[in-house]
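This note is addressed to a colleague who is meeting the structure for the first time. Please read the points below alongside the sequence and the coordinates.

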Amino acid sequence: MVTKSRFLYFWSCLTICTLHTEVYATTASTSSTTTKSTSTLRGTATPLFLNPDDLSAITGHKPLSEMDSIYSSMGKDMAYKDYLMQLNSQRQISIYKHIEYSTNQTYRDQFRNTYSADANIDVVTENRPFTSIISDINSQLGLKDHLLESDILVPNSIFNNRSYDQGTIRKRYLPSGGIAGQIWGLMVPYKFIPGYSSGDKQKVLDAMDKIKTATCIDFHVKSGGDSDYLDITNVVGCSSAVGKHGGAQVLSLASTCVSEEGIILHELLHALGIHHTQSRLDRDNYISINTNNVAQGDLPNFDIYPNQHTDPYSVEYDYQSVMHYGEDDFSTGGTVITPLATGASIGQRNGLSYLDKVTLNLLYGCYDKTPHYWPMDEIDTTNDLVVGTTDVTGPTFSSDPQFLTGLDGGYHLNALRIRSEDGYANLGSHPNKCLVDPERCNNGFTLLFWLKIEDRHLYKQHIISSLDRSSEDRGFEIQFDSLPLIGRFLEIHVQQEDQHDILPIFNDYKYWNHIAVTWSTTNGIKSYVNGTVNNIPAIQIPNGMSIDDNKPSLIIGKSPDLNGSDDADFLIDDVVFWEKEISVAEICNIRDNGPYHDIPSGEGSHGRRATTIGTLTSYVGL
């Protein structure tokens, strides 16, 4: 009988001879746009730019991703801008002249003289949600008709370029949609206006430090080379634009606003690109809005609309977000917002929630603080995508019955299933990122996922890969294979600049198994099955030459050569990638409770995400 130790020599020789076999490519899915008319119905929380006839398209339990695509197909950017212009013409909102403010010091001085900061403010703050306090402050300052949703400054700059992107998927750096600007870099410049009190200034700096600690975002005093920056003033109550709009950008924090750190954090998150939680496209799955308790003029504060920056991440709805309205905001008497989850509360006063931090980290690429995560639970039926921290596309030739990529029942809710000769899922291109290139992983990496091989007689099934082994390329690959007398195993490859590491993980894989692979330059490859370490040592092969990362795509279910024929039938669920080497204890925590296992009790959606998405009982293809 051939032992595993004797097998290693044979296996390593065989692997060395077949190191270069495949090539990557990427695909994109496109969608068209058409424009719909604007309408608002009294007594219902009507989407602000959908015709009433279109309401049936978004009613019921639809996930965020699918609703987002419905909006995208209806010309969301143009329609929302038209709607804001309508509010402006009806004097319900005054668009602030961002272009003049951001480029003209004289206009900035005039702007600051327009309002009287903190004049005769008397606001009760005890035991009230931040959003209620903000609304009261801004109302007493006479700013209600100048702000959207009580605290959002709408720049005139969003109307100047009325063209909008009709490309594939809403990505991080595309032109903005709706009222959101771009996102900032990891260093956000700021400047306090002359006369801003030292005490208030320190409170703002303390809140910035809270964000800095939780994310990779930092704030620094504006220097001569910073043309875009936050101009922190106190003349427009508690208010901010959403995202980066360029030049000197108003972030107003009057003295009454900085009395609560949560208010400062709320406005800073607006500036960083985050909307109010209850404006999410899927909010009706989580809260009910009694608009009969809201004045007619305040109804626009409860509209729903897309945020191109955060929507694609599909982060779980968060009742405890610092960005969520309270139950009685804009009430004429009686409760306005009721959580649909038992025991959930809204309008917390404690500062950033766990998922607020996750959202910022995903938005700004802080993957040493929060991992990449593909739950593999939802299909966006409009664009035929699997939803995750980046959109997952299938083959462009999916109409051919041989090429099947879709969802099936998973270990947790649903799972991605590759069941075909040439099916695959493209997790996107990530040039110069740790996600696809070990040389970029200064702290190592950890890849985790649940795996079940449906047809174990199909060998060399490519599970997940960023490595083109047919040419000079850096990356990693995990492949299912089998050899006579040895059995079935996963074959792990990590290609560095000057070394190729290889490691097998022996298992039958007939049932669900949790797989974890860690790598670092110090410790090399380690692997774990269901939390138990694999003690087989890795084989290390010097390259004899320097190798670059030439194929930065990450693919599930296909060899790097997308034109080849690679039979596969497997399910993969809850794919997690940490840009650092994590401990065995952390691996087990993720195995048992997912990547957000340390979310405090009472936060998130209280289980309603699972109810909204549901579990498939049979295969659904793209």
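The numbered points that follow take up selected parts of this predicted model.

1. The five-stranded sheet. Five strands form an open sheet with mixed pairing, in the order 2-1-3-5-4. Its edges are taken by strand 2 (218-221) and strand 4 (238-240); each of these has a single partner strand, so one side of each is left without a neighbour in the sheet. On average, and with direction ignored, neighbouring strands of this sheet are turned by 35° against each other.

2. Strands 3 and 5. Within that order, strand 3 (residues 229-233) and strand 5 (residues 248-253) run parallel and are joined by five bridges. As a point of reference for the register, T233 stands opposite S252 in strand 5.

3. Helices lying across the sheet strands. Helix 5 (residues 105-112) lies across strand 3 and strand 5, and runs at about 30° to strand 3. Helix 7 (residues 198-214) lies across strand 1 (187-192), strand 2, strand 3 and strand 5. The angle between helix 7 and strand 1 is about 175°.

4. D200 in helix 7. D200 belongs to helix 7, and it counts as buried because its relative accessibility is 11%, below the cut-off of 20%. In sequence D200 and V258 are 58 residues apart, yet their C-alpha atoms are 6.3 Å apart in space. When residues up to four places away in sequence are not counted, D200 touches S255 and V258. With S255 there is also a polar contact of 2.6 Å, which joins the side chain of D200 to that of S255.

5. The annotated histidines. Which residues does the UniProt record list under "binding site"? The unreviewed entry gives H266, H270 and H276. Of these residues, H276 is included in the lining of the largest cavity.

6. H266. This residue is found in helix 8 (residues 261-271). Is H266 buried or exposed? At 0% relative accessibility, H266 counts as buried. Leaving aside neighbours within four places in sequence, its contacts are T131, I134, D151, H276, V322 and M323. The side chains of H266 and D151 are joined by a polar contact of 3.0 Å.

7. H276. In contrast to a helical position, H276 has its place in the loop between helix 8 and strand 6 (287-289). H276 likewise counts as buried, at 2% relative accessibility. Residues up to four places away in sequence set aside, H276 touches E149, D151, I152, H266, H270, M323 and Y325. The contacts of H276 thus include both of the other histidines listed in the record, H266 and H270. With H270 there is a polar contact between side chains, at 3.1 Å. D151 appears among the contacts of H266 and also among those of H276.

8. Helix 6. Helix 6 (residues 130-140) is mostly covered, with eight of its 11 residues buried. These buried residues are F130, T131, S132, I133, I134, S135, I137 and N138. Two of them, T131 and I134, are also among the contacts of H266. Strand 4 and helix 8 are included in what covers the buried residues of helix 6. Just after helix 6, G142 takes a positive phi of about 75°.

9. Strand 20. What is the extent of burial along strand 20 (residues 513-520)? Eight of its eight residues are buried, so strand 20 is largely enclosed by the rest of the structure. Both faces are covered: the buried residues are N513, I515, V517 and W519 on one side, and H514, A516, T518 and S520 on the other.

10. Partners of strand 20. Strand 20 pairs with strand 15 (residues 445-453) in the antiparallel sense, over seven bridges. In this pairing F445 stands opposite W519. Strand 20 also runs antiparallel to strand 21 (residues 524-529), to which six bridges join it. The link from strand 20 to strand 21 is a hairpin through three residues. S520 in strand 20 has G524 in strand 21 as its bridge partner.

Key. Residues numbered from 1 in each chain as written. Predicted model: local features only at pLDDT ≥ 70, side-chain atom pairs only at ≥ 80, totals over all residues. Heavy atoms only, no water. Pairing = 2+ DSSP bridges. Helix = DSSP H or I, 4+ residues; strand = E, 2+ residues; numbered from the N terminus. Axes fitted to C-alpha atoms, helices over the stretch in contact; angles between N-to-C directions. Contact = heavy atoms within 4.5 Å. UniProt positions renumbered as here; feature names shortened; annotations may be inferred. 1 Å grid on protein atoms, 1.4 Å probe; cavity = no way out; pocket = protein on both sides within 12 Å on 5 of 7 lines; lining within 4 Å. Buried < 20%, exposed > 50% of the residue type's maximum accessible area, 1.4 Å probe, protein only. Polar contact = N/O pair within 3.5 Å; in protein donor to acceptor, adjacent residues only side chain to side chain.
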